[in-house]
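This report describes the packing of a predicted model. It treats the nonpolar cores, then the sheets, then the helix pairs.

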Amino acid sequence: MNNTIDLFSKINLIEPLQRAITATGYTKPTPIQQLAIPHLLEGRDLLGCAQTGTGKTAAFALPILQQLAHGGRRLEPRQARSLILTPTRELAIQIFDSFKNYGRFLRLRYAVVYGGVGQGAQVQAVRGGVDVLIATPGRLLDLIDQRCLSLRNLEIFVLDEADRMLDMGFVNDIRKIIAMLPQQRQNLFFSATMPRDIKQLADSMLTDPVTVEVTPVSSTVELIQQSLMYVERSRKGDLLRHLLKNPKFQRVIVFTRTKHGANRVSENLEKNRISSAAIHGNKSQGARQRALEDFRSGRVRVLVATDIAARGIDIDNISHVINYEIPNIPESYVHRIGRTARAGAEGIAVSFCDAEERAFIRDIEKVIAQPIPVDISQPYHSEDVANSRLMSKGKAKAAIEGGGGGGRSRGGRRGGGRSRRGGRR
Ligand code: AMP
């Protein structure tokens, strides 16, 4: 590794970005950031073999923001200057949040578009033109078809999670989108795996790219002691309180899938005199800040968070991560548990799994390439849950892909693909 750039201050980033990095709490660039940012700042194309969890979002977001801020081009109505194409709505929102966070001291405009929701607000968001557009393929094409948006002036194009895109049947959409882009542009291509069809797609898109490959996420995961607890949904609160009787659970993050769930869990803990705070998107910035401060200082022992709210939080010495609800995106699991093994420290992650969540666990085990050991010694262990039938994969996928597809006009085709996939497994 190149020691000369092991500090952010040594990468040639402009002051407003350095300030945002400091405010986010990052001190050192991750390997992919060290390797990619200098080349991207020079305008090179990039082929990145990297999974989520490696810091890849900042690796592309920071240099993109810098180039857009420097370029100083005027925005034109309905035009995007950069496009990040990503397979799912959840990832799109996460990337959008990252851009807003890293770009908070710049005067740039960001928008995110994805399917599964009304398009009015999205049309409005791109009407005046945007510097950064994050999109899932279906909705993007819908908006272009309706002339609400054009990619004619695009300067930078990022294809994120290419392997997952192809897996989800987006190849034709991607080709269509690429065909609309101007010849002169910078291209970034990210994929966790590089089978032949992905490599071919990359070759067709990139010009003389720098190739960057970083250690798969599983190496971080290996440092974490993980366990799985099968439990009826109605007993999860009891199980949580049981675990928290152990003083070793000193500084704990509890993850839920929804904001509502986060509130409920936190209120329940408070009722049982366990100090806790919830953070999620519905809380004001001030309330989130206070909750984080209380947690950081140790005044509050348990932080209950949703995935999105927890992004960008950098708190050391977290003793345990508890997945009160299992995430439906496997990468979120990796993100979540990674909170407890910062800077090479060992951590402990416990996952509460009810009958409906078993399909999610199977996906997660594929991504981390290892089974999660089941703890049957805990008092709320449920054999019924352990032996319950797996929910159909199609149903789980549908939940994940909620935003991946386009509007209704495109839904039929993609819906068909989903159920075929669902049926096979
Ligand atoms: P990503 O692979 O982009 O999804 O990022 C994974 C996680 O690492 C996110 O929670 C980021 O907030 C966090 N992260 C990214 N860059 C850094 C850094 N340089 N130092 C510490 N955390 C980081």
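## Nonpolar cores

In this predicted model, the largest nonpolar core has 40 residues, of which Phe 60, Leu 62, Phe 99, Ile 134 and Leu 188 touch the most other members. Helix α3 (residues 56-71) supplies the largest share of this core, with eight residues. Apart from this core lies another, of 36 residues, which includes Leu 154, Ile 177, Leu 201 and Met 205.

The surroundings of Ile 134 can be listed individually. When neighbours within four places in sequence are left aside, Ile 134 is in contact with Ile 84, Thr 86, Ala 92, Ile 95, Phe 96, Phe 99, Ala 111, Val 112 and Val 113.

## The seven-stranded sheet

Seven strands form an open sheet with parallel pairing, in the order β3-β4-β2-β5-β6-β1-β7. The edges are occupied by β3 (110-113) and β7 (210-213); each has a single partner strand, so one side of each is left without a neighbour in the sheet. On average, and with direction ignored, neighbouring strands of this sheet are turned by 15° against each other.

Within this sheet, strand β2 (residues 80-85) pairs with strand β5 (residues 156-159) in the parallel sense, over four bridges. Leu 83 has Phe 157 of β5 as its bridge partner. Helix α2 (residues 31-41) packs on the sheet and touches β1 (46-49), β6 (186-191) and β7; the direction of α2 makes about 165° with that of β7.

## The six-stranded sheet

A further open sheet contains six strands in the order β8-β13-β12-β9-β11-β10, and its pairing is parallel. Here β8 (224-230) and β10 (276-279) stand at the edges with a single partner strand each, so one side of each is left without a neighbour in the sheet. Neighbouring strands are turned against each other by 20° on average, direction ignored.

Strands β12 (residues 320-323) and β13 (residues 347-353) run parallel and are joined by four bridges. Opposite Ile 322 stands Val 350 in β13. Helix α12 (residues 259-271) packs on the sheet through β9 (252-255), β10 and β11 (302-305), and its direction makes about 170° with that of β10. Helix α15 (residues 330-338) also packs on the sheet, touching β8, β9, β12 and β13; the direction of α15 makes about 150° with that of β12.

## Packing of helix α3

How do α3 and helix α4 (residues 89-102) pack? Their axes are 10 Å apart and make an angle of about 50°; α3 and α4 are therefore oblique to each other. The crossing of these two helices is right-handed. On the α3 side the contact is made by Thr 57, Ala 58, Phe 60, Ala 61, Leu 62, Ile 64 and Leu 65, and on the α4 side by Ile 95, Ser 98, Phe 99 and Tyr 102.

Helices α2 and α3 pack at an angle of about 25°, with 9 Å between their axes. These two helices are therefore roughly parallel to each other, and α2 passes α3 in a right-handed crossing. In this pair, Ile 32, Gln 33, Ala 36, Ile 37, Leu 40 and Leu 41 of α2 meet Lys 56, Ala 58, Ala 59, Phe 60, Leu 62, Pro 63, Gln 66 and Gln 67 of α3.

## Helix α16

Helix α16 (residues 358-368) has Arg 358, Ala 359, Phe 360, Ile 361, Asp 363, Ile 364 and Ile 368 as its buried residues. Ala 369 follows α16 and has a positive phi, near 55°.

Key: Residues numbered from 1 in each chain as written. Predicted model: local features only at pLDDT ≥ 70, side-chain atom pairs only at ≥ 80, totals over all residues. Heavy atoms only, no water. Core = buried A, V, L, I, M, F, W, Y, C linked by side-chain atoms within 4.5 Å. Buried < 20%, exposed > 50% of the residue type's maximum accessible area, 1.4 Å probe, protein only. Contact = heavy atoms within 4.5 Å. Pairing = 2+ DSSP bridges. Axes fitted to C-alpha atoms, helices over the stretch in contact; angles between N-to-C directions. Parallel < 35°, antiparallel > 145°, perpendicular 65-115°, else oblique. Left-handed = near helix turned anticlockwise from the far one by under 90°.
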